[in-house]
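Q: I have a protein model open in front of me and I would like to learn how to read it. Could you walk me through some of its features?

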Amino acid sequence: MTSQARRMYSLQYGAERVTKGLSMRGGSGVLYWEPLTGVVVETETGWVLLDTGMGRAALEDEANQRAYAAAADAYGADPAETEWHLYPAPPVTGRWNWGLPGDPLERALAGVGLRPGDISLACVSHMHLDHSGGVPTLAAAGVPVAIQRAELEFARSGVPTLDDGYRRQDWEHEVAWRLLDGDAELAPGVWAVATPGHTPGHMSYRVDLPETGTWLFAMDAADLAQNFHDRVPPGSCAGGTAADEKAAEDSLERLLSEARRLRARLVPGHDQIVHNAIRHPAGGHR
């Protein structure tokens, strides 16, 4: 096997409206539309999907809408003041999230000429519903899904609820889980990078390509470029303890250190400006 992947496509499944305080510790109640993103990578052993977005059922679930509204209200956010300046614009600005038509995962993959059944391995950085929503589609296609053991155990513990961003309907059915314990090579040129804190088993990703070099995808270890610029960890830690907050700080520092060491492109998980800037060219990043 080679040590590099072949090519990579960036995906956007939709977007969600959240406060800056959820993305950055000590942040304000200003509301941002933040993209729901993923990556699909061609490797010597097949296509690997990194994160799956939010599913159609969650997008249309009114209980989910109320949970988003309650989270914003806790920061004193005013939904009427949300502004939007970037591509793509939300099709309905009054809701708290939007997704591509139909099944967002299927639609995003179709945009790069793929179907769920073409994926040899999928990965979920953590079980928040804006990252795990494509699991039912993948399970139906027989695709194994990699996740950190600590994350799956936390999700199944009964502690986190929909108000915490965990939607059991997305992953309670039969799934061919591939359990990870820390860093792991997922396929040639693709690695899981353990970055706990935002959730107990959160992971980021590393992709090595022959022409564009190394990419580090933080996912929710850092939502925004500002997290990295100002060295501020995420504002939400699902475990809720001081140890979780310290883990989030350590994970942010780890990503910054790895980016320096590898001269990597460091990509935050929910920054529309950055996501637009790295949109793949025709044929994907190589």
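A: Gladly! Keep in mind that this is a predicted model. Let us begin with a cysteine: Cys 237 has a relative accessibility of 15%, so it counts as buried, the limit being under 20%.

Q: What is the relative accessible area of Cys 123?

A: For Cys 123 the value is 0%, so this residue is buried too.

Q: How many disulfides are there?

A: To find one, we look for a pair of cysteine sulfur atoms within 2.5 Å. By this rule, the count here is zero.

Q: Now the sheet. In which order do its strands lie?

A: Reading a sheet means walking across it from strand to strand. Here the walk goes E4-E1-E2-E3-E5-E6-E7, seven strands in an open sheet with mixed pairing. At the edges are E4 (97-99) and E7 (177-180), each of which pairs on one side only. From one strand to the next, the twist averages 25°.

Q: How do E1 and E4 pair?

A: Strand E1, residues 7-19, pairs with E4 in the antiparallel sense, and three bridges link them. To see this in the model, find Ala 15 and look across to Trp 98 in E4, which stands opposite.

Q: And where do the side chains of a strand point?

A: In a regular strand they alternate between the two faces of the sheet.

Q: Which strands does helix H3 lie across?

A: When a helix packs on a sheet, ask which strands lie under it and at what angle. H3 (residues 62-74) lies across E1, E2 (31-43) and E4, and runs at about 70° to E1. Helix H7 (residues 149-156) lies across E6 (145-148) and E7, with an angle of about 85° to E6.

Q: Which strands form a hairpin?

A: E8 and E9 do, with two residues between them. Gly 189 sits in the turn and has a positive phi of about 85°. Strands E8 (residues 184-187) and E9 (residues 190-194) run antiparallel, joined by three bridges. One pair to look for is Ala 184 with its bridge partner in E9, Ala 192.

Q: Let us finish with one residue. Is Ser 132 buried or exposed?

A: Ser 132 has a relative accessible area of 0%, so it is buried. You will find this serine in helix H5 (residues 129-132). Its side chain reaches the backbone oxygen of Met 127 at 3.4 Å. Leaving aside residues up to four places away in sequence, Ser 132 touches several others, among them Thr 52, Gly 53, His 126, Asp 170 and Trp 171.

Technical notes: Residues numbered from 1 in each chain as written. Predicted model: local features only at pLDDT ≥ 70, side-chain atom pairs only at ≥ 80, totals over all residues. Heavy atoms only, no water. Buried < 20%, exposed > 50% of the residue type's maximum accessible area, 1.4 Å probe, protein only. Pairing = 2+ DSSP bridges. Helix = DSSP H or I, 4+ residues; strand = E, 2+ residues; numbered from the N terminus. Axes fitted to C-alpha atoms, helices over the stretch in contact; angles between N-to-C directions. Contact = heavy atoms within 4.5 Å. Polar contact = N/O pair within 3.5 Å; in protein donor to acceptor, adjacent residues only side chain to side chain.
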